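Please open the structure in your viewer and keep the sequence panel beside it. We will go from one selection to the next, with a short look at what sits around each one.

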Amino acid sequence: MLSRVTPFILRNLRVRNFHVTSKLLNVKEYTDTEEWFIQTPEYTKIGLSKSAIEQLGTLVFIDYTNEPGDIFEKGDEAVSIESVKAVNGLVIPFNCELLENNEVHLDDLDMLNENPECEENSWIIKVKKQE
């Protein structure tokens, strides 16, 4: 009897595991250098954590020195971020290609300063992860 039930259970487990795995793509993850990122099948958004903003103080300027199509390796600094306390870089957590800079922050940093972890508006760059 167990041999008849086992394939049924395995088929159901595979479906469940696929379902759970697909949901993990939209989970916010954090790096040791205080960035957050959220992966989707098409792209990954990267931003600064609330803790990073608290340590840096009010952000005053973001310098997007790179353009879409640029390639980064893990550990590269993609964006220069200036605050009232210091100038810091956004550290890339994995090898990737830059898809888009969130240029809304060039004119208005209020959203980023007030709610740095808002996935809709507070991301700084959008990238495509490379293997």
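Start by selecting Ser80 and showing everything it touches: beyond four places in sequence, Ser80 is in contact with Phe61, Ile62, Asp63, Val87 and Asn88. You are looking at a predicted model, so treat each stop as a feature of that prediction. Ser80 belongs to strand β6. Is Ser80 buried or exposed, or something in between? Its relative accessible area is 28%, so Ser80 counts as partly exposed. Now add Leu90 and draw a distance between the C-alpha atoms: Ser80 and Leu90 are 10 residues apart along the chain, and the separation comes to 6.6 Å.

From Ser80, step across to its contact Phe61. Phe61 sits in strand β4 and is partly exposed, at 39% relative accessible area. Switch on the surface and colour Val60, Phe61 and Val84 together: these residues form a nonpolar surface patch with about 280 Å² of accessible area between them.

**Into the core**

Hide the surface and go inside. In soluble globular proteins, nonpolar side chains tend to be buried together. Which residues should you pick to find the centre of contacts in the largest nonpolar core? That core has 23 residues, and Leu48, Val79, Ile124 and Ile125 have the most contacts inside it. To see where the core draws its members from, colour β3 (44–48), α2 (50–56), β4 (59–63), β6 (77–83), β8 (96–101) and β9 (125–129), the elements that each give two or more residues to it.

Centre the view on Ile124 and show its surroundings. Leaving out residues up to four places away in sequence, Ile124 touches a set that includes Ile46, Gly47, Leu48, Val79, Ile81, Leu90 and Leu112. Polar neighbours such as Glu100, Asn101, Asn102 and His105 are also among the residues that Ile124 touches.

**Across the sheet**

Next, switch to a cartoon view. In which order do the strands of the open sheet lie? There are 6 of them, arranged β1-β2-β3-β9-β8-β5 with antiparallel pairing. At the edges are β1 (28–30) and β5 (71–72), each paired on one side only.

Zoom in on β8 and β9: these strands run antiparallel and are joined by 5 bridges. As a landmark here, find Glu97, which stands opposite Lys128 in β9.

Then move to strand β3 and select Thr44. With a relative accessible area of 2%, Thr44 is buried. Its contacts beyond four places in sequence are Phe37, Ile38, Gln39, Phe94, Ile125, Lys126 and Val127, and one of them, Ile125, is also named among the residues with the most contacts in the core.

**Charged pairs**

Side chains of opposite charge can pair when their charged atoms come close. How many salt bridges does a search of the whole structure find? The search gives 3.

Select Lys126 and Glu100, whose closest N and O atoms are 3.6 Å apart in a salt bridge. Lys126 is in strand β9 and Glu100 in strand β8, so this pair ties together parts that are 26 residues apart in sequence. Lys126 is buried, at 15% relative accessible area, whereas Glu100 is partly exposed, at 34%. Elsewhere, salt bridges with shared partners join Lys28, Glu117 and Glu119 into one network.

Go to that network and centre on Lys28. The salt bridge between Glu117 and Lys28 has an N to O distance of 3.5 Å; Lys28 is in strand β1 and Glu117 in the loop between α4 (110–114) and β9, 89 residues apart. Lys28 and Glu119 meet at 2.9 Å, N to O, and this pair spans 91 residues, with Glu119 also placed in the loop between α4 and β9.

**Last stop and a wide view**

From Glu117, hop to Ser49, which touches Tyr30, Glu34, Glu35, Trp36, Pro116 and Glu117, leaving out residues up to four places away in sequence. Ser49 lies in the loop between β3 and α2 and is buried, with 2% relative accessible area.

Finally, zoom out to the whole chain, with its 4 helices and 9 strands. Of its 131 residues, 37% count as buried. The accessible surface comes to about 8,300 Å², with 51% of it belonging to carbon and sulfur atoms.

Conventions:
Residues are numbered from 1 along each chain as its sequence is written. This is a predicted model: local features need pLDDT of at least 70, side-chain atom pairs count only at pLDDT 80 or more; totals for chains, interfaces and linings use all residues. Side-chain values use heavy atoms; hydrogens and water are left out. A nonpolar core is a set of buried Ala, Val, Leu, Ile, Met, Phe, Trp, Tyr and Cys residues joined through side-chain atoms within 4.5 Å. Buried means under 20% relative accessible area, exposed over 50%, partly exposed in between (1.4 Å probe, protein chains only). Contact means heavy atoms within 4.5 Å. Two strands pair if DSSP finds at least two bridges between them. A salt bridge is a side-chain nitrogen of Lys or Arg within 4 Å of a carboxyl oxygen of Asp or Glu. Patches are made of residues with over 30% relative accessible area and no salt bridge: like charges are joined within 9 Å, nonpolar side chains (Val, Leu, Ile, Met, Phe, Trp, Tyr) within 5 Å. Accessible areas come from the Shrake-Rupley method with a 1.4 Å probe; for residues, only the protein chains shown count as cover.
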